[in-house]
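Welcome, and thanks for taking a look at this one with us. Please open the sequence and the model side by side before reading on.

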Amino acid sequence: MTRRNSPQTGARDAEPSPREEARVTERTLDEPAVVPGSAPGSAAPVEVRILAGVQEAVGRPEAVSVARGMSHFGEHALGWLAIGAVGAAVNYRDRRRRREWVLSAAAVAFAHGASIGVKRVVRRPRPDHPSVRVLVGTPSRLSFPSSHATSTTAAAVLYSGLLRSKAPLAVVPAMALSRLVLGVHYPTDVATGTALGATVALAARRLIHRSKH
């Protein structure tokens, strides 16, 4: 006599394992939200026009190469964290200065993490339009805000204070522009990322200064 599985048994066998559920959850967090009735990658037409216009005006091969280099440097804020580590190492004999560099680098990491958190809440998809060229790979399909702009602004504000020089601030607009040149962010992505990075940096600077007293 042939034994048949009951509906309950078949449903139980089809249930995903905890590991598979974790993978699905992780993948879902990095997927953009798709609003019913809208096309993936949709954005305000003015933003698409601005983005396409920037690429048309600035997207020469030399500029794209520089933008790609900046993208790799700022990926996951690793370049800025490395600079923070060098600053701490150079000042290893000065406990106060070393501590300032370590805390500033930690604030940069926090700013980057905050941008990732906002991305996973908003889940805005990256640019996907015929008039926009995507010229570099990205670790996720989420766009708002720009993590590169966030960590770069945080690092520039904090490190400029430690170096007593405004020169690092020049990299903020450069990084923001590079994200548009590469076609991986809309203007509001980089503007919001810049504002978020500056907010975190200024708050961190006050806390670091207050902790010295």
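Here is a short tour of the packing, grouped by topic.

The model is predicted. Its largest nonpolar core holds 17 residues, and a second core of 16 residues lies apart from it. The count of aromatic pairs comes to two.

**The largest nonpolar core**

- Within this core of 17 residues, the members that touch the most others are Trp101, Val108, Ala154, Ala155, Leu158, Tyr159 and Ala201.
- Two or more residues each come from helix H5 (78-90), H6, H7 and helix H9 (187-211).
- The top contributor is H7, which gives six residues.
- Leu158, one of the core members with the most partners, touches Ser104, Ala107, Val108, Ala201, Ala204 and Arg205, once residues up to four places away in sequence are set aside.

**The other core**

- Apart from the largest core there is another, made of 16 residues, including Val54, Val64, Ala67 and Val190.

**Aromatic pairs**

- By the ring-centre rule there are two aromatic pairs.
- Phe73 and Trp80 form an edge-to-face pair, because their planes stand at 90 degrees, with the ring centres 4.8 Å apart, and the cut-off for edge-to-face is over 60 degrees.
- Trp80 is buried at 9% relative accessibility, whereas Phe73, at 35%, is partly exposed.
- Trp101 and Tyr159 make a tilted pair, with 5.1 Å from centre to centre and 40 degrees between the planes.
- Since Trp101 sits in helix H6 and Tyr159 in helix H7 (residues 147-163), their pairing ties together parts of the chain that are 58 residues apart in sequence.
- Trp101 is buried, with a relative accessible area of 4%, and Tyr159 is buried too, at 3% relative accessibility.

**A closer look at Ser104**

- Ser104 belongs to helix H6 (residues 95-122).
- Is Ser104 buried or exposed? With a relative accessible area of 2%, Ser104 is buried, because buried means under 20%.
- Beyond its neighbours within four places in sequence, Ser104 is in contact with Leu158, Tyr159, Leu162 and Ile208.
- Two of these partners have already come up: Leu158 and Tyr159 are listed among the best-connected residues of the largest core, those that touch the most other members.

**A closer look at Ala63**

- Ala63 is part of helix H4 (residues 61-74) and is partly exposed, at 25% relative accessibility.
- Which distance separates the C-alpha atoms of Ala63 and Ser178? They are 8.2 Å apart, although the two residues are 115 residues apart along the chain.

Conventions
Residues numbered from 1 in each chain as written. Predicted model: local features only at pLDDT ≥ 70, side-chain atom pairs only at ≥ 80, totals over all residues. Heavy atoms only, no water. Helix = DSSP H or I, 4+ residues; strand = E, 2+ residues; numbered from the N terminus. Buried < 20%, exposed > 50% of the residue type's maximum accessible area, 1.4 Å probe, protein only. Contact = heavy atoms within 4.5 Å. Phe/Tyr/Trp six-rings, centres within 6.5 Å; stacked < 30°, edge-to-face > 60°. Core = buried A, V, L, I, M, F, W, Y, C linked by side-chain atoms within 4.5 Å.
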